[in-house]
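Biologist: I would like a close look at a single part of this model. Please keep it brisk, and set that part in its surroundings.

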Amino acid sequence: MHSDQNRADRAPWWLRLLAWGGLGFLHLPIAMIALYAFNTETSAYSFPLKGFTLHWIGVAFANPDVLAAIWLSFKIALVATLLALVLGTLAAGALYRHTFPGKEAIGLMLVLPIALPGIITGLSLLSAFRLGGIQPGFWTIAIGHATFCVVMVYNNVVARLRRNSHNLIEASMDLGADPWQTFRYVLLPQIATALLAGGILAFALSFDEIIVTTFTAGNEVTLPIWLLNQLTRPRDVPVTNVVAMIVMLLTTLPIIAAWRLTSGTEDIAGSGK
Amino acid sequence: MPHDTARRGLSRLTDRVYLSPTLWLCLLLAPPLLWFGLVYIGSLLTLLVQSFFSFDDFTMNVSTVLTLDNYRALLSPANLDVILRTLSMAAAVTLASAILAFPLAYYMARYARGWKKGFFYVAVMLPMWASYIVKAYSWTVILAKGGLVYWFYRSFGLSGVVDWLLSLPGIGGGTLATSNLGRFTVFTYIWLPFMILPIQAALERVPGSLVQAAADLGATPWQAFRTIILPLAFPGVVAGSIFTFSLTLGDYIIPQLFGPSGLFIGTMVYTMQGAIGNLPMAGAFTLVPVLIIALYLSIAKRLGAFDAL
């Protein structure tokens, strides 16, 4: 009987093979990026690799174009995340409890920027900016990014608010706390990790975004655009390899952090991009 | 004491706001609604209006004369070709993702326990969030001549098979990276996690007792899978397919980097607005994926896909 139970709990060998094989497929390109960043070869991608070096990491960090792109992407992601935190939290506060006509439409509107293909968001913003005579640049990129980042914060905060008891807020007000005190000492501690997780996801999403960005960037070169330019006109293969690894780390490490912040709760951050 | 009165006045005001749900709601909603209304919906409408403007091929100017010409041009054979090419790739990628994702999702939902559960979850989420452009770059490295795949099939003496695959019409091309096979592989790789997680979520909700009952009543494992698990997991597959389908339809970077020269909807939109400056036609073209996705969503809704999200 006991051994029967064990056999039912253990996957057949072919299923294990397919599952672990699938994981291998998902991680192979990531592993390749990690390997090639330390490659000694400078103009091709031959495999097996020619040799190991740390030389190109120093070269990449001394490259002014790369540094400028990293700094620009960082600034944009920061502004977009801050805007998304404010707008997403407000929307979550409005939508989590009350029902009113048009509520579902508003929910849909928040998801639409990431649900619709990026070319639509990008081209729409571009046509509106052109019509308004707004020159594309830092702010047009940041505005576009903030728009599709809102939903990341909204999803996390709304899930947290739904789980928490609303009575706590009423109790706090009844006991004489002013709204700021209620927000600071009752609401904020409850939603802090959700805000942090949502913020991290928004930051990672913005830092890596390319499709909308190519439409709104004008002549600005964010880090993903710098990489895309290298892909279409390869010049510095070893530097590109290093930058690819940096971007990979900057987009995956935060996801682990966001996951740790929300694991154990019902709605885990990052399960939808 | 003026300070005290001010304080009392403020407290009365906040009570008033808090006790009137409508006022409170309006205050909360105003900033996000203004932002989305102005920036997003406003832009979408601008694009929609522009798609009815006309474009003069000789002067390269956009005029505000309203016309349906752009939409009529969508139905020209050349443009239908682009739409059909994109649609068939989206369908193939969706199908392949579903086939690859199902066993992985099934293992995650039914067999992974303890640390393995968290491990698999993160291991699927990580490649999903890893930079899109870096993943694309990685595939140019993998598929390059002399690269990993090249080394692999050469050392196993499979060059004949690869050459034969590349000579097939519809699949093949000059090299792995410039073939439809290469483009298909990259698309499938990049959207695969978006298929795994919804299927896993749907399978997670199938009670184990149901499978047990099927076995007790004499069903073979295959029968139990086909008549119980598959129908219950299907909404998850449909939910995942919404992502893989819509993401492939709207992509313009992968078709540009991998595969033969034929245009996709995304690359068409990009060249129309960029090199040519025909924003009205580009706008009309963006409506194609929107309409296809809307149609797809309405079918998916009927198949119960949204219960699995």
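Which residues do ring pairs link into a cluster with Trp20(A)?

Modeller: A word on the ground rules comes before the cluster. This is a predicted model, so local features need pLDDT of at least 70, side-chain atom pairs count only at pLDDT 80 or more, and totals for chains, interfaces and linings use all residues. Residues are numbered from 1 along each chain as its sequence is written, chains are lettered from A and ligands numbered from 1 in the order in which they are written, and side-chain values use heavy atoms, with hydrogens and water left out.

Now the cluster. Ring pairs link Trp20(A) with Phe102(B), Tyr106(B), Tyr107(B), Tyr111(B), Trp115(B), Phe119(B), Phe120(B), Trp222(B) and Phe225(B). Rings of Phe, Tyr and Trp (its six-membered ring) pair if their centres lie within 6.5 Å; planes under 30 degrees apart count as stacked, over 60 as edge-to-face and the rest as tilted. Over all chains, the structure holds 34 aromatic pairs. One of them joins Tyr107(B) and Phe120(B). Their centres are 5.3 Å apart, with 45° between the planes, and the pair is tilted. Tyr107(B) sits in helix H4 (residues 77–110) of chain B and Phe120(B) in helix H5 (residues 115–129) of chain B, so the pair ties together parts that are 13 residues apart in sequence. Helices here (H or I, at least four residues) and strands (E, at least two) are DSSP runs, numbered from the N terminus.

Both partners are covered. Tyr107(B) has 2% relative accessibility and counts as buried. Phe120(B), at 0%, counts as buried too. Buried means under 20% relative accessible area, exposed over 50%, and partly exposed in between (1.4 Å probe, protein chains only).

Another aromatic residue of chain B deserves a look. Trp139(B) lies in helix H6 (residues 132–143) of chain B. Trp139(B) is buried, with a relative accessible area of 4%. Leaving aside neighbours within four places in sequence, Trp139(B) is in contact (heavy atoms within 4.5 Å) with Phe25(A) and Pro29(A) of chain A, and with Thr185(B), Val186(B), Tyr189(B) and Phe258(B) of chain B. The C-alpha atoms of Trp139(B) and Leu257(B) are separated by 9.8 Å, although these residues are 118 apart along the chain.

Next, chain B as a whole. Chain B has 14 helices and two strands. Its radius of gyration is 26 Å, well over the 19 Å that the globule rule gives for 309 residues, so chain B is more spread out than a compact globule. That radius is taken over C-alpha atoms, and the rule is 2.2 Å times the number of residues to the power 0.38. The C-alpha trace of chain B spans about 90 × 75 × 35 Å along its principal axes. Of its 309 residues, 49% count as buried. Among contacts in chain B with a separation of 6 or more, 69% come from residues 24 or more positions apart. Its accessible surface comes to about 14,900 Å², and 70% of that belongs to carbon and sulfur atoms. Accessible areas come from the Shrake-Rupley method with a 1.4 Å probe; for residues, only the protein chains shown count as cover.

Chain A supplies Trp20(A) to the cluster. Chain A has 12 helices and zero strands. Its C-alpha trace spans about 75 × 70 × 30 Å along the principal axes. Of its 273 residues, 53% count as buried. In chain A, residues 24 or more positions apart account for 72% of the contacts with a separation of 6 or more. Chain A exposes about 12,500 Å², with 65% supplied by carbon and sulfur atoms.

Three residues of chain A add local detail. Glu41(A) is found in the loop between helix H2 (13–36) and helix H3 (55–62) of chain A. Glu41(A) is buried, at a relative accessible area of 16%. Not counting residues up to four places away in sequence, Glu41(A) touches Ser46(A) and Lys50(A). Leu112(A) is found in helix H5 (residues 103–115) of chain A. Leu112(A) is partly exposed, with a relative accessible area of 21%. The C-alpha atoms of Leu112(A) and Val151(A), 39 residues apart along the chain, are separated by 9.0 Å. Arg184(A) is in helix H9 (residues 179–208) of chain A. Arg184(A) is partly exposed, at 35%. Between the C-alpha atoms of Arg184(A) and Gln135(A) the separation is 39 Å.
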